[in-house]
Amino acid sequence: FPLTVEYEERYYAAGKIKGSRYVKREGKPSDKAVLSARLIDRTIRPRFLKELMREVQVVVTVLSWDTQNDPDVLGINAASLALSLSNIPWKGPLAALKVGHVNDQFVANPTGELQEKSDCELVVVGDFDEKGDLVVSMLEGESQEASEEIITGAVEFAKPFLKQIIDFQKQIT
């Protein structure tokens, strides 16, 4: 399936405006941008029909960023909403949430400061079936060692947030 996902970070999104000798063109994507594009691709690719052979391109452009909250998870939600609004045959919507584990408490979309304190960071992506059960499409995590209880607890913690995001997307479409 010819799917292209690009994640573009503009320098001005984080307030990076250099001096007058600075070349005004954007350079090659950063490693973070490449990894974010792959994260979005891995999430949305299985949702397309197997018969679809037309080229699809998804471009997520970060226009503004507060440097505290990672825009990559928002990019997944934005791609889902854009595909749901389009006439492209796609089995969506889906929702994404980053869950941190700080001081034995789960935190939704932790800031950069909380991510440093977190002993487990998990991106949960999924949607809900007809019965209202969460169907997890993808989990991506970072941890030194995390017990099964922490991982399952993070997924359970994410459920109401994912439901809100999906309901919002359905309301718009």
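Let me begin with Ser137, which counts as partly exposed because its relative accessibility is 36%, a value between the 20% and 50% limits. This is a predicted model. Ser137 sits in strand β6. Leaving aside neighbours within four places in sequence, Ser137 is in contact with Arg47, Val125 and Gly126. Pro89, by comparison, is 48 residues away from Ser137 in sequence, and the two C-alpha atoms are 18 Å apart.

Strand β6 also leads us to helix α1, since β6 (134–143) is among the elements that cover the buried residues of α1. The others included in that cover are β1 (3–9), β2 (56–62), α2 and β5 (120–128). Which residues of α1 are buried? They are Ala33, Ser36, Ala37, Leu39, Ile40, Asp41, Thr43 and Ile44. As a general point, an α-helix has 3.6 residues a turn, so residues three or four places apart point the same way. The length of the helix can be checked as well. Helix α1 covers residues 31–44, and at 1.5 Å a residue its 14 residues should span 20 Å; the end C-alpha atoms are 20 Å apart, which agrees.

I turn next to helix α2, residues 71–85, where Leu83 is placed. Is Leu83 buried or exposed? With a relative accessibility of 5%, Leu83 counts as buried, because the cut-off for buried is under 20%. Not counting residues up to four places away in sequence, Leu83 touches Ile44, Phe48, Val58, Ile88 and Trp90. One of these partners, Ile44, is itself a buried residue of α1. For another, Val58, the separation along the chain is 25 residues, and its C-alpha atom is 8.5 Å from that of Leu83.

The next residue is Gln169, in helix α4, which runs over residues 148–172. Gln169 has a polar side chain, yet at 2% relative accessibility it counts as buried. What does the side chain of Gln169 join in a polar contact? The partner is the side chain of Ser80, at 2.7 Å. Beyond residues up to four places away in sequence, Gln169 touches Asn77, Ser80, Leu81, Ser84, Pro93 and Leu94.

Finally, helix α4 also holds Ile172. At 40% relative accessibility, Ile172 counts as partly exposed. Together with Leu85 and Phe168, Ile172 forms a nonpolar patch on the surface, and the accessible area of the three together is about 300 Å². Within α4, then, Gln169 is buried, whereas Ile172 is partly exposed.

Definitions and conventions. Residues are numbered from 1 along each chain as its sequence is written. This is a predicted model: local features need pLDDT of at least 70, side-chain atom pairs count only at pLDDT 80 or more; totals for chains, interfaces and linings use all residues. Side-chain values use heavy atoms; hydrogens and water are left out. Helices (H or I, at least four residues) and strands (E, at least two) are DSSP runs, numbered from the N terminus. Buried means under 20% relative accessible area, exposed over 50%, partly exposed in between (1.4 Å probe, protein chains only). Contact means heavy atoms within 4.5 Å. A polar contact is a pair of N or O atoms within 3.5 Å; within protein, one must be able to donate a hydrogen and the other to accept it, and residues adjacent in sequence count only if both atoms are side-chain atoms. Patches are made of residues with over 30% relative accessible area and no salt bridge: like charges are joined within 9 Å, nonpolar side chains (Val, Leu, Ile, Met, Phe, Trp, Tyr) within 5 Å. Accessible areas come from the Shrake-Rupley method with a 1.4 Å probe; for residues, only the protein chains shown count as cover. A salt bridge is a side-chain nitrogen of Lys or Arg within 4 Å of a carboxyl oxygen of Asp or Glu. The expected span of a helix is 1.5 Å times one less than its number of residues.
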